[in-house]
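Subject: A structure for you to look at

Hi,

Here's the structure I promised to pass on. Have a look at it in your viewer first, then read my notes underneath.

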Amino acid sequence: MDETPPPGDTGDDDRPRRRSRAVPVLATLLVVVLLVAGPLVAYLWRTTDEWRASSEDWEDLARGTAVELERTQGDLAAAQRTLDDTRDQLATAQERITELADEKAQLGDDSAAQQQLADYQARVSQAAGKVATALATCIAGQSQLIGYMDDADSYEPDVLARFREDVDALCGQATEANEQLQHELEP
């Protein structure tokens with residue numbers, strides 16, 4: 001009997017040839033996949049590291065901003081307390097000026113006493129005017145400083161610091177004027 005393979009069957013000799021073609025094709029596909037996936041994985045890894053570093057930078061910036069905000073809020077509260085104290089001083093000084101002016105006005109009818117009283121009142125009025133002007137300037141400066149502090153993010157910190165020093169100098173002048181007035185008011 002003649003053993004011929006049935007139609008469509010190529011025989012045993014074709015199978016090894018098919019296998020031998022499949023292995024290089026699969027190996028080529030594997031190499032192509034590795035060549036494509038390798039740079040992609042490296043790119044994704046590098047991108048992840050960059051995002052992580054960027055995230056850390058943003059967190060550092062947020063922490064620094066929070067510290068600056070807390071410090072600015074503390075400065076604002078201190079400026080508000082100073083402003084309140086200055087207003088109280090102004091009210092007290094004005095009350096005292098009025099009392100002393102009334103007391104001195106009742107000293108007598110003698111012309112010398114009247115002249116002394118007039119001179120005294122002129123000095124006190126002049127000193128009181130300086131105190132009132134200096135305190136009003138101080139209060140205005142502190143009010144403006146509080147406004148700037150409320151919106152501190154819109155200004156450079158060193159500009160705010162210089163303005164705060166200028167306001168402190170104005171308030172120092174008000175304190176000096178008040179001390180001069182107190183000296184004039186001493187009997």
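Below is what I found, going from the overall picture to single residues.

One thing before you start: this is a predicted model. The mean pLDDT of the chain is 81, and 84% of the residues reach at least 70. Going by helix, α3 has the highest confidence, with a mean of 86, while α2 has the lowest, at 81. Keep in mind that where pLDDT is low, you shouldn't read the predicted coordinates in detail.

Now the fold. You'll find three helices and zero strands in the chain, so to speak an α-α-α order when you start at the N terminus. Helix α1 covers residues 14–105, α2 covers 111–150 and α3 covers 157–185. If you take the contacts between residues at least 6 apart in sequence, 73% of them link residues at least 24 apart.

How much of the chain is buried? Of its 187 residues, 19% are. The chain exposes about 13,900 Å², and 56% of that comes from carbon and sulfur atoms.

Next, the inside. The largest nonpolar core has 27 residues, and the members that touch the most others are Val124, Val131, Leu181 and Leu185. Helices α1, α2 and α3 each give two or more residues to this core, with α2 giving the most, twelve residues. Try zooming in on Val124: leaving out neighbours within four places in sequence, Val124 is in contact with Ile97, Leu181, Glu184 and Leu185. Two of those names, Leu181 and Leu185, are also on the list of core members that touch the most others.

Here's one to try on your own: is glutamine 142, in helix α2, buried or exposed? Glutamine 142 counts as buried because its relative accessibility is 2%, and the cut-off for buried is under 20%. As for what surrounds this residue, glutamine 142 touches Ala79, Thr82, Leu83, Thr86, Val167 and Cys171, if you skip residues up to four places away in sequence.

Finally, the outside. Val25, Leu26 and Leu29 make up a nonpolar patch on the surface, and together they have about 300 Å² of accessible area. Leu29 belongs to helix α1, so you can start from that helix when you look for the patch.

Cheers

Notes:
Residues are numbered from 1 along each chain as its sequence is written. This is a predicted model: local features need pLDDT of at least 70, side-chain atom pairs count only at pLDDT 80 or more; totals for chains, interfaces and linings use all residues. Side-chain values use heavy atoms; hydrogens and water are left out. Helices (H or I, at least four residues) and strands (E, at least two) are DSSP runs, numbered from the N terminus. Buried means under 20% relative accessible area, exposed over 50%, partly exposed in between (1.4 Å probe, protein chains only). Contact means heavy atoms within 4.5 Å. Accessible areas come from the Shrake-Rupley method with a 1.4 Å probe; for residues, only the protein chains shown count as cover. Patches are made of residues with over 30% relative accessible area and no salt bridge: like charges are joined within 9 Å, nonpolar side chains (Val, Leu, Ile, Met, Phe, Trp, Tyr) within 5 Å. A salt bridge is a side-chain nitrogen of Lys or Arg within 4 Å of a carboxyl oxygen of Asp or Glu. A nonpolar core is a set of buried Ala, Val, Leu, Ile, Met, Phe, Trp, Tyr and Cys residues joined through side-chain atoms within 4.5 Å. pLDDT is the predictor's confidence in each residue, from 0 to 100.
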